[in-house]
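Thank you all for making time this morning. I would like to walk you through one structure, going from the loops to the sheets and then to the interior.

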Amino acid sequence: MMRIVLLGAPGSGKGTQAQRLQAKFNVPQVSSGDLLRDAVARKTALGLKAKAAMEAGQLVSDDIVLGLIRERLSQPDAQQGFILDGFPRNSDQAATLSKLLVEIGQPLQTVLLMDVRTKTLIERLAGRRVCKHCGKVFSIATLPDDMTCAKNLGGHELFQRADDKEEVIAKRLDVYQSQTKPLIDHYTKLGLLKVIKGEGSLDAITTRMEIALALGKSSINVSKKTTKKKSKARTKSKNAGAKAAKKVAKKKSATKLKKAAVKKTSAQKKARAKPAVKSTKKQTKKVTKKSSKKLVKKSTRR
Ligand SMILES: [Zn+2]
């Protein structure tokens, strides 16, 4: 079960990672922007309301967006979870969203925050280019060899979006920071927030997200184990010189991790089930026994 909200600045790679999780775990990425566009295009009741608001130059109300989310999450493909993107944007919305999710029996599991340094965000956004014909997004740092466009056989004609110009980027990031700060505080208080380092290879970032999702609060202990296992796997595959071995090792460690997580949680449950008082009493008994033994030893030495 994966019921998450994704938070991240423009350029944090949030959208890309959401798509990867969607493909890997078969849970839909639910973007409030897409929901709105879709509802307007299909002229649903909520879509018409949203359209009226937008045409009047007003913001689409939270009620409409929440209504769309409710509709979307009731569909069969969302029963195994969802990745919510673009909503909530403030703590009021977060509170109403939580209420809604509890109401429909799909409470939020985790909020993942993609943490990327401002310097990197600026580099990524300023290097972003979009194809005039197909809308595909490129980075000037990693332009692919295949530059043919489906709609323009001569190739992609790239341009820079006005809001990706450097002087605008700083403002966008400021807006994001001030908007998101209260949201981060809100979810931190609820114990739902997990911070993911959003730099490095796409695979590494996805793995970090999976670990954060699968293992909950004990992720710190286990992630140390993973690195050990991984480095072992790496040396193995280096020796073998085969990419396939690496893949197998990754899969193995992933299943081991899952098993470990299950064991841990059941152990934690058992521990919780026992009354806490008894165990502390036992502990104190043990301690007193030990210390009294020590005392005896000391006194006999004297
Ligand atoms: Zn194109």
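Let me begin with asparagine 26, which is found in the loop between α1, residues 14-25, and β2. Before I go on, please keep in mind that this is a predicted model. Asparagine 26 has a phi near 60 degrees, which is a positive value in a residue other than glycine. Is this residue buried or exposed? Asparagine 26 has 11 C-beta neighbours inside 10 Å, and the limit for exposed is 12 or fewer, so it counts as exposed.

A second loop residue can be described in much the same terms. Lysine 43 lies in the loop between α2, residues 32-42, and α3, residues 45-55, and although it is not a glycine, it has a positive phi of about 55 degrees. With 9 other C-beta atoms within 10 Å, lysine 43 is exposed.

The third backbone feature that I would point out is a peptide bond. The bond from phenylalanine 87 to proline 88 is cis, with omega near 0 degrees, and proline 88 itself sits in the loop between β3 and α5.

Now to the sheets. One open sheet is formed by 5 strands in the order β2-β3-β1-β4-β8, with parallel pairing. Its edge strands are β2, residues 29-31, and β8, residues 193-197, each of which pairs on one side only. On average, and ignoring direction, neighbouring strands of this sheet are turned by 25 degrees against each other. Helix α7, residues 166-189, packs on the sheet and touches β1, β4 (110-115) and β8, while the direction of α7 makes about 120 degrees with that of β8.

Within this sheet, I would like to look at β3 in some detail. Strand β1, residues 2-8, pairs with β3, residues 81-85, in the parallel sense over 5 bridges. Arginine 3 has phenylalanine 82 as its bridge partner in β3, and for isoleucine 4 the partner in β3 is isoleucine 83. As for β2, it runs parallel to β3 and is joined to it by 3 bridges, with glutamine 29 standing opposite isoleucine 83. How many of the 5 residues of β3 are buried? The count is 4 of the 5, so β3 is largely enclosed by the rest of the structure.

There is also an open sheet of 3 strands, in the order β6-β5-β7, where the pairing is antiparallel. Here β6 (137-139) and β7 (158-159) stand at the edges with a single partner strand each, so one side of each is left without a neighbour in the sheet. Strand β5, residues 128-131, pairs with β7 in the antiparallel sense over 2 bridges, and valine 130 has phenylalanine 159 as its bridge partner in β7.

Turning to the helices, α4, residues 62-73, and α5, residues 91-103, pack at an angle of about 35 degrees, with their axes 11 Å apart, and α4 passes α5 in a right-handed crossing. The contact is made by Asp62, Leu66, Ile69 and Arg70 on the α4 side, and by Gln93, Thr96, Leu97 and Leu100 on the α5 side. Sorted by class, this contact has 4 nonpolar, 2 polar and 2 charged residues.

One residue of that contact deserves a closer look, namely isoleucine 69, whose place is in helix α4. What does isoleucine 69 touch, if we leave aside its neighbours within four places in sequence? The contacts are Val30, Leu35, Phe87 and Leu100. The C-alpha atoms of isoleucine 69 and leucine 36 are separated by 9.6 Å, although the two residues are 33 residues apart along the chain. Isoleucine 69 has 22 C-beta neighbours inside 10 Å and the threshold for buried is 20 or more, so it counts as buried.

Finally, the interior. The largest nonpolar core has 38 residues, of which Ile4, Leu6, Leu7, Leu68, Ile83, Leu84 and Leu112 touch the most other members. With 5 residues, α4 gives the most to this core. Isoleucine 4, which we met earlier as the bridge partner of isoleucine 83, touches Ile83, Leu84, Gln109, Thr110, Val111, Leu112 and Leu213, not counting residues up to four places away in sequence.

I will stop there and take comments.

Key:
Residues numbered from 1 in each chain as written. Predicted model: local features only at pLDDT ≥ 70, side-chain atom pairs only at ≥ 80, totals over all residues. Pairing = 2+ DSSP bridges. Axes fitted to C-alpha atoms, helices over the stretch in contact; angles between N-to-C directions. Contact = placed C-beta atoms within 7 Å. Left-handed = near helix turned anticlockwise from the far one by under 90°. Nonpolar A, V, L, I, M, F, W, Y, C, P; charged D, E, K, R; others polar. Core = buried A, V, L, I, M, F, W, Y, C linked by C-beta atoms within 7 Å.
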